[in-house]
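Trainee: Got a minute to go through this one with me? I'd like to start with empty space inside the fold.
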Amino acid sequence: MTDLENLTRRVEQLEARVEIAELTSAYAVACDEHDMDRLGSLFAEDAVMDSPSKLLGANGRAEILAMFVRLFKIRGPGYHWTHDHFVRFDSAHPDLATGLVLSHAETCPDNEVSVSGMRYDDEYRKVDGRWLFQKRVLQFLYYVPARDYAQALSGKTRVTMGGRSLPGDYPESLPAWQAFDRAHGRAA
């Protein structure tokens, strides 16, 4: 690869990082505003949404949107913050990338103020010149009523959804970096 080709690739990846970061922020805003048109525009037609607990899961854009319609009916208002974001590009396929996104949210399921700490393991694909979600796996460190927050972090049962108390998805599993590296073909 020539110096110019290398520089071109690096500039394209920097631009792609910004586009992908804006994609994840647009997801948070669309969720907060219950903007189904915007939310749908962020996912590839054959995208997948999943979670280790299987509380969330859908295959294809239409199923993903139907899942969010159901969630928004019980979740009420919410506010999401997207924090740290890591992106790795597939050197063999320039239109593919993976990511790890850390975030927080305040929501109001069943009229109960709740807080959550989340991690998304993402796969991105460039379609018609736009980066989209190909796959999002949502994992909760915690998702609990605000009144239970302080006690929830000290135990393993840190996810409360639909009246059920469940274990947190991480860090009991692999640490975030190890899981990210292992899922994307790197030694952990």
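Mentor: Terms first. A cavity is a set of grid points where a 1.4 Å probe fits but cannot get out. Its volume is the space filled by probe spheres set on those points. And keep in mind that this is a predicted model.

Trainee: Fine. How many cavities of 30 Å³ or more does the structure hold?

Mentor: One. The largest cavity has a volume of about 60 Å³.

Trainee: Which elements give two or more residues to its lining?

Mentor: Helix H1 (3-33) and strands S3 (78-89), S4 (96-107) and S5 (114-127).

Trainee: And which residues line the largest cavity?

Mentor: Thr-24, Tyr-27 and Ala-28 are among them. The lining also includes His-80, Trp-81 and Thr-82. Then come Val-101, Ser-103, Met-118, Tyr-120 and Arg-136.

Trainee: How do the lining residues divide into nonpolar, polar and charged?

Mentor: Six are nonpolar, four are polar and one is charged.

Trainee: Let's take the strands. In which sense do S3 and S4 pair?

Mentor: Antiparallel, over 10 bridges. A hairpin joins S3 to S4 through six residues.

Trainee: What stands opposite Thr-82?

Mentor: Ser-103, in S4. Both Thr-82 and Ser-103 are in the cavity lining.

Trainee: Stay on Ser-103. Buried or exposed?

Mentor: Ser-103 counts as buried, because its relative accessibility is 5% and the cut-off for buried is under 20%.

Trainee: What does Ser-103 touch, leaving out residues up to four places away in sequence?

Mentor: Trp-81, Thr-82 and His-83, for a start. Ser-103 also touches Ser-116, Gly-117, Met-118 and Tyr-120. Of those contacts, Trp-81, Thr-82, Met-118 and Tyr-120 also line the cavity.

Trainee: Changing topic. How many disulfides does the structure hold?

Mentor: Zero.

Trainee: Why no bond for Cys-31?

Mentor: Distance. The closest cysteine sulfur to that of Cys-31 is in Cys-108, 16 Å away, so it is too far for a bond. A disulfide needs the two sulfur atoms within 2.5 Å.

Trainee: And from the other end, which cysteine sulfur is closest to that of Cys-108?

Mentor: The one in Cys-31, again at 16 Å and too far for a bond.

Trainee: Is Cys-31 buried or exposed?

Mentor: Cys-31 counts as buried, because it has 2% relative accessibility.

Trainee: What about Cys-108, buried or exposed?

Mentor: Cys-108 counts as buried too, at 16% relative accessibility. That value is under the 20% cut-off.

Key. Residues numbered from 1 in each chain as written. Predicted model: local features only at pLDDT ≥ 70, side-chain atom pairs only at ≥ 80, totals over all residues. Heavy atoms only, no water. 1 Å grid on protein atoms, 1.4 Å probe; cavity = no way out; pocket = protein on both sides within 12 Å on 5 of 7 lines; lining within 4 Å. Helix = DSSP H or I, 4+ residues; strand = E, 2+ residues; numbered from the N terminus. Nonpolar A, V, L, I, M, F, W, Y, C, P; charged D, E, K, R; others polar. Buried < 20%, exposed > 50% of the residue type's maximum accessible area, 1.4 Å probe, protein only. Pairing = 2+ DSSP bridges. Contact = heavy atoms within 4.5 Å.
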